[in-house]
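User: Please take a close look at one part of this structure, the place where the two chains touch. Keep it simple, since this is my first year.

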Amino acid sequence: MSIHSSVMVDDRERRVAHPGRIAAWGLALALLAIAPFFLYPVFLMKLMCFALFACAFNLLIGYAGLLSFGHAAFFGAAAYISAHSAKVWGLSPELSILAGTACAAVLGWIIGSLAIRRQGIYFAMVTLALSQMVYFLALQLKFTGGEDGIQNVPRGMLFGVLDLGKTLNMYFFVMAIFVIGFVIIRRVVHSPYGQILKAIRENEPRAISLGYQVERYKLLAFVLSATFAGLAGATKALVFQVASLIDVQWQMSGEVILMTLLGGMGTLLGPVVGSVLVVSLESYLAESGFPVMVVIGVVFVICVMLFRKGIVGEASGWWEGRAGRKAS
Amino acid sequence: MTEFLSVAPQVLFGQLLVGLINGSFYALLSLGLAVIFGMLNIVNMAHGAFYMLSAFLGWLLLTHTGLGYWWALVLAPLTVAALGIALERCLLRHLYRLDPLYSLLFTFGIALILEGAFRHYFGVSGQAYPIPELLKGGHNLGFMFLPTYRAWVVVFSMAVCFGTWYAIERTRLGAYLRAATENPTLVQVFGINVPVMISLTYALGVGLAGLAGVLAAPIYQVSPLMGSNIIIVVFAVVVIGGMGSILGSILAGLSLGILEGLTKVYYPEASNIVVFVVMALVLMVKPTGLFGKEH
């Protein structure tokens, strides 16, 4: 119990506004805001969508300790629903994204309530199998367009006034979604609920003995993670104006795992760093003609063998170690 | 006996045979996964990739050296097993002390490397592998036509499955293996070389996948995608059967293959997802799997 309360105190201290922290946030926001004037905006939007996807995935693996091998199901299903509602039903972009996200949340609740019945490696296999079922549904259902997917999705007018067909408008819309998503995920992680999740991850029997209904906490974490993965997928569908089978394939689940692993599981910034690296690497390799899949596999092996904490995890470990030596 | 629920017997028995064939592959693959899981406590995500690799080795042997099916049936699984030993000795061994999720991610990386390399060099389209001379043709059983090669696959893979079961459950070596699964330290104290045993177990598991790969080559086309296509279904089979029992994984593999074949006859749209639906139902009713035990 003493450990638990000390964590809470530590957390409360952290939440007190620190000038350096505010400056860092401001700098990051300013950089994001001016970035589209220097870099290719569509690429930056892709980065933000995948960064949000990886942050959502990290909520589950990093803080609840559950490895889902099927997050592409939520990402892809939301992409399909938002593309379909924007194109066929003619909904406005904000409503299409909401519809996609809501669909991912429901799907997350269904898959989550089945998957949390098993633990560890079985959990990974169950989520992989269920997401493959979603893939086959996407392949066979009529509205998803089979191998072609849903193409030429209109971006539409945001709240009926702002034309998202203009790249810069779309960029700031995506940036707002990413920042809001990131802030909510950060808030969840630092909330008492996030602390309980970590307690369950560290020692599940102990958490049960303390009276927590572990299953419900896990399910909520799963649904939250699926919802934000869906938000990322729904946004991605509007950015690229396409939803296709690539979004629901198991390779996509593997990619988001790699982004999180490479950046650092259980760190807030890790998934962002990881997704920037993986997406940049992929777009670089796509031009070189070198097999992307092999490189991804090699990065997986290197991460697992050499730095399991990921880039951000190792860096902050090194920083804390240095600070510790200075203090003593 | 002309019609079953308005389906011609030829179609019904034809699909049952296809189901039985698929079931044999599911059984061989899930058996290999169960053997590896029992000893190493890891899920081998590279299992499908080894299956694909072995089918390709057989095809390459045929096209580059002219060595036929029977050579492939011996050489390809042995090569895959040797590769498995090298992988286990050099890399996988370092991950046993960690959370099993790391070895899962590691083997997933290996699977991506293998599949990506073959995709790069051979494309995603399949290569045809001819049926060996000895097993060509078939028999007309009156109610259906039975191709000899397919009968051979079912009989041979069943023999291998039950041979493996016998070796693990009924022989002295198998007893060592089961003992080492329960308590490796104690078995090592009795003078048995447990690390070597672990390597050989991994080799046996991936070797079984290799055997399935060569058997599958003349039936399906040899393609880089064949591994990942089948392995996700096999994972669902493993969740349904539970990895606790050898016999359970064989039975679950066979019966789900047959169920898939039947679905193809009566409701073809659902044949891709029926195994996953069964998995969801089993998770609701008996989360540990039909033959599994709680760990």
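Analyst: Start with one definition: an angle between two axes counts as oblique when it is neither under 35 degrees (roughly parallel), nor over 145 (roughly antiparallel), nor from 65 to 115 (roughly perpendicular). Keep in mind that this is a predicted model.

Now take one pair of helices. Two packed helices are described by the angle between their axes and the distance between the axes. Here the pair is helix H6 of chain A, residues 120–140, and H11(B). Their axes come within 9 Å. They cross at roughly 135°. H6(A) and H11(B) are therefore oblique to each other. The crossing of H6(A) with H11(B) is left-handed.

Which residues meet there? From H6(A) come Val126(A), Ala129(A), Leu130(A), Gln132(A) and Met133(A). They meet Phe276(B), Met279(B) and Leu283(B) of H11(B). Sort this contact by class and you get 7 nonpolar residues, 1 polar and no charged ones.

Next, step back to the whole meeting of the chains. In total, 34 residues of chain B are in contact with 32 residues of chain A. On the chain B side, the elements giving two or more residues are helix H4 (100–122), helix H9 (226–241) and helix H11 (274–285). H4(B) gives the most, with 16 residues. By class, this side of chain B has 25 nonpolar, 6 polar and 3 charged residues.

What stands behind each side? Chain A has 14 helices and 2 strands. Its radius of gyration is 20 Å, close to the 20 Å that the globule rule gives for 328 residues, so chain A is as compact as a globular protein of that length. The C-alpha atoms of chain A fill a box of roughly 60 × 45 × 45 Å along the principal axes. Of its 328 residues, 47% count as buried.

Chain B has 11 helices and 2 strands. From the N terminus, its elements run α-α-α-α-β-β-α-α-α-α-α-α-α. The radius of gyration of chain B is 19 Å, close to the 19 Å from the globule rule for 295 residues, so chain B is as compact as a globular protein of that length. Its C-alpha trace spans about 65 × 50 × 35 Å along the principal axes. Buried residues make up 49% of the 295.

Last, look at contacts inside chain B between residues at least 6 apart in sequence: 76% of them join residues at least 24 apart. For chain A, that share is 77%.

How values were computed: Residues are numbered from 1 along each chain as its sequence is written. Chains are lettered from A and ligands numbered from 1 in the order in which they are written. This is a predicted model: local features need pLDDT of at least 70, side-chain atom pairs count only at pLDDT 80 or more; totals for chains, interfaces and linings use all residues. Two residues are in contact if their C-beta atoms, placed from the backbone, lie within 7 Å. Helices (H or I, at least four residues) and strands (E, at least two) are DSSP runs, numbered from the N terminus. Ala, Val, Leu, Ile, Met, Phe, Trp, Tyr, Cys and Pro count as nonpolar, Asp, Glu, Lys and Arg as charged, and the others, Gly among them, as polar. Axes are lines fitted to C-alpha atoms, for helices over the stretch in contact, and angles run from 0 to 180 degrees between N-to-C directions. A crossing is left-handed if the near helix is turned anticlockwise from the far one by less than a right angle, and right-handed if clockwise. The radius of gyration is taken over C-alpha atoms; the globule rule is 2.2 Å times the number of residues to the power 0.38. A residue is buried if 20 or more other C-beta atoms lie within 10 Å of its own, exposed if 12 or fewer, and partly exposed in between; C-beta atoms are placed from the backbone.
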